[in-house]
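User: Please take a close look at the largest nonpolar core of this structure. Which residues touch the most other members, and which elements supply the core?

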Amino acid sequence: MTTLLSLKKLTKRFGGLVAVDHVNFDVEAGSIVGLIGPNGAGKTTVFNLITGNYRPDEGDVIFDGRSIKTLPTHQIVSLGIARTFQTIRLFQKLAAIENVLAGCHCRMQSGSLAAMFRTPAQRREEQEALQTALKELEFVGLQSQADQLAENLSYGNQRLLEIARALATQPRFIILDEPAGGMNNQETAALIQTIRNIRDRGITVLLIE
């Protein structure tokens with residue numbers, strides 16, 4: 001198998017605290033990999049280093065053969081890395097479909113002038129984004145709740161909505177930060193199948209638990 005992500009001696013310090021200390025591991029393309037450890041072990045910090053939220057003090061993050069440790073987050077997303085968060089970060093006052101459309105934005109090319117004048121290309125791109133958002137909502141089983149405000153969804157469905165938004169960025173690699181946190185047994189079983197289905201789409205999965 002091909003290595004898609006590689007961490008090499010990855011280190012992050014916050015003052016005198018070493019949160020991540022020379023971490024090394026590889027993630028093969030098409031795999032599901034879990035990063036497991038107690039609270040405070042630095043798991044989420046590793047995710048933040050991969051996705052550009054933090055800059056490493058030492059070491060490197062290699063994605064598909066290139067270093068991404070100095071890239072801003074939006075460029076990392078454009079390369080095909082998406083994530084969810086340990087604490088749900090949705091637009092609570094927007095509908096589920098609007099939350100997923102936000103994930104589509106990184107792949108849209110039309111600028112502000114095209115949006116202002118509603119050019120044919122802009123309208124076509126907007127329609128394609130809507131179809132993508134609906135497809136991802138259906139993928140996670142939320143198509144019937146597309147018009148519901150995010151704040152009105154159950155906790156488990158808000159977790160699924162975050163996954164749908166991440167998938168709307170068209171990733172090759174998705175990072176799920178404690179996706180089953182707060183879910184009941186039935187919701188967790190459904191989530192496990194969703195993660196397998198993500199892998200079956202050719203997307204590599206790295207998750208914290």
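Analyst: The following account concerns the largest nonpolar core and then a second core. The model is predicted, so that local features need pLDDT of at least 70 and side-chain atom pairs count only at pLDDT 80 or more, while totals for chains, interfaces and linings use all residues. Residues are numbered from 1 along each chain as its sequence is written, and side-chain values use heavy atoms, with hydrogens and water left out.

A nonpolar core is a set of buried Ala, Val, Leu, Ile, Met, Phe, Trp, Tyr and Cys residues joined through side-chain atoms within 4.5 Å; buried means under 20% relative accessible area, exposed over 50%, and partly exposed in between (1.4 Å probe, protein chains only). The largest such core has 33 residues, and Leu137, Leu161, Ile163 and Ile174 touch the most other members. At least two residues each are supplied by helix H3 (96-104), helix H5 (120-139), helix H6 (155-167), strand S7 (173-177), helix H7 (185-200) and strand S8 (204-208). Among these, H6 gives the most, with six residues. Helices (H or I, at least four residues) and strands (E, at least two) are DSSP runs, numbered from the N terminus.

With neighbours within four places in sequence left aside, Leu137 is in contact (heavy atoms within 4.5 Å) with Ala96, Ile97, Val100, Leu142, Gln143, Ala146, Leu161 and Ala164. A second core, separate from the largest, comprises 23 residues, including Leu4, Leu7, Ile81 and Leu206.
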